[in-house]
Amino acid sequence: MRRTRWMAILMTAVLAAGSLAGCGKNDGSDGQNVPEADPGVTDSGTAGTEAAPAQNTAPEDNTITVSVQTGEGSQAGWEAVAAAYQDLHPEVEIVIDLKPGDGYDEWLTNVFQTADSTTVDIVNINMAAEAAVGKSINYGDYIDNDSPYSDGTWREQFAYDNQKVAPGTGEFNELSLDSVQVLWLYNQDIFDEVGITEVPETWDELIAVCEKIDAAGYQPIAMPGDYDSFFSGTMGWLAQIYADQTTRSMVEVYRAQEGDYCYDPDIDGTFVFDPTDPFNDNPTKVNRNLVRCYAAIHDGTYSVKTDGMKTVWSNFGKVFPQYAGNDVMFGTNEGGAMSLFYQGKAAMIVTGGWSIIRFANDMEALAQGGEIKDADGEVIEGVTGFELGSFNMPSMEGEGIEAPARTIEVATGFLGCVSKSQEHDDLVVDFLMYYSSADGMSVFLEAALADGYVPQGSSLIYGVEYPEYIANAFDNLDLVGNCQKEYCQTLSRGFAGIPESYRSFYNYCYDYLSGSIDVDQWIELHQKNIDDNFEEGMKSKGLSYSDLENPANEPTGE
């Protein structure tokens, strides 16, 4: 496993650049935290597959309105792209009307409910859920068109294999042009002080590192333990990452079989499962059948009552909350965890790649006498500079573990478009072709970076170049594979995006980690959570029990 020391790479260049301001909560993803698959089972084949696109007869057909979520530097970046595009197409007007993250999902739902009259065009469509079904542009209709902004087709401008494309149908309505990876950061100064010379590659080695740091009087891990952490944050990420170590072979159960509605002989006919290859089950290499997944959950083939899940949560119990502040962990939020790490009180933290750049920016701000703020916008007092290092997820070992640990390593952005008239759809896609070209993204980045934008990972657009200090940082991230490949982590926490299910998950995780119940009781409660919410989850995906009896057929929900 690569051990990376970041400050030697970053600090000289950052001091010279000086144009990046310290960042608050924003991670550079237009106001979103680490994006992920639907918390439950997702069906990427639903959106836009049934109803015809709504016909919008609203005026200003030559006006394109961008209303993605805002974030530091995003406004400047989008305005620069709009101006550059309008230089090429003076007859087109681009309106940049970015929206705050709070309440964005409700606002966006209303946009799609009024798709026949709205002036909004480009949005973060992943926040629309079912409201966008049948009302968004299918990029699959354009992906092989020649692009006016490159030497090839639109598909050839960016990493198409990293996009979310519906199995069997090729439906493609979310354009993601950035990448992000979840990893561990550590305080190299503390590691050196306590004599840790190698980063942990296994969970047992992580425990040994924690014991050594704890004995020296430091908190080993800064970990938020509130509900948000278990639902959509750090503990939720770990739950998915390590459940994936136990479920890799399940792809053989829910993969598309010959005769299935989503079977592609060119892909599925040649697929051979290989757990030693972390990229073996990428969506471009095997299609998944939603109905087979739900049928397997219903008949118990896909269950949480496994040796692997017991191994995972037994291992969690050996680290949390003991090495994360004990009971104080449950009162720590994202901002509090980052404060502990920045203050040198905690030696390690789980975060995303954007934090590498943010750390360098913050140290530069500190050196110039400025303030550093946490994820909640609160000033962090008592920050001490230190050398930063990173390592990938330590793999768990033991009963039920099928393969080395992967991580959350995903494409982000989720740019979708409200479908209107064919002419207007063509115009909007032409603008996105420019935005997703090397020239267009370079314009965006130059302006956004100067205004405090923090990239969260490498760009997926071919030919885009970051400033050297950013490029060097991301070049040193090892790709270890993505655990969020639909259905791999379906049973890792709550079920199917049902709020009550995630609240229950947090409650019995708290009981287990605080010692009120044992791991066997946790397993029983977790399985009961899945069972109790199964029917609602099934209905939310448009499935019926009749569909489960005929998994080869396209589901009807009847």
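This report looks at a predicted model of one protein chain, starting with the whole and then visiting two spots.

## The chain overall

Let's start with what the chain is built from: 19 helices and 10 strands. It has 558 residues, and buried ones account for 58% of them.

As for the outside, the chain exposes about 21200 Å². Carbon and sulfur atoms supply 45% of that exposed area. There's also a story in the contacts: take those between residues at least 6 apart in sequence, and 78% of them join residues at least 24 apart.

## A negative patch

On the surface you'll find a negative patch. Its members are Glu198, Glu201, Asp204, Glu205 and Glu397.

Let's pick out one of them, Glu201. To find glutamate 201, look in the loop that runs between helix H4 (188-194) and helix H5 (203-215). Its relative accessibility is 38%, so glutamate 201 counts as partly exposed, a label that covers the range between under 20% (buried) and over 50% (exposed).

## Around glycine 269

Now for another loop, the one between helix H9 (265-268) and helix H10 (290-299), where glycine 269 sits. Glycine 269 counts as partly exposed because its relative accessibility is 45%.

Which residues does glycine 269 touch, leaving out those up to four places away in sequence? They are Tyr263 and Asp264. You can also check glycine 269 against alanine 256: the two are 13 residues apart along the chain, and their C-alpha atoms are separated by 9.4 Å.

Technical notes:
Residues numbered from 1 in each chain as written. Predicted model: local features only at pLDDT ≥ 70, side-chain atom pairs only at ≥ 80, totals over all residues. Heavy atoms only, no water. Patch = residues over 30% accessible without salt bridge, like charges linked within 9 Å, V, L, I, M, F, W, Y side chains within 5 Å. Areas by Shrake-Rupley, 256 points an atom, 1.4 Å probe, with all protein chains shown as cover. Salt bridge = Lys/Arg side-chain N within 4 Å of Asp/Glu carboxyl O. Lys, Arg positive; Asp, Glu negative; His and termini not counted. Charge placed at Lys NZ, Arg CZ, Asp CG, Glu CD. Helix = DSSP H or I, 4+ residues; strand = E, 2+ residues; numbered from the N terminus. Buried < 20%, exposed > 50% of the residue type's maximum accessible area, 1.4 Å probe, protein only. Contact = heavy atoms within 4.5 Å.
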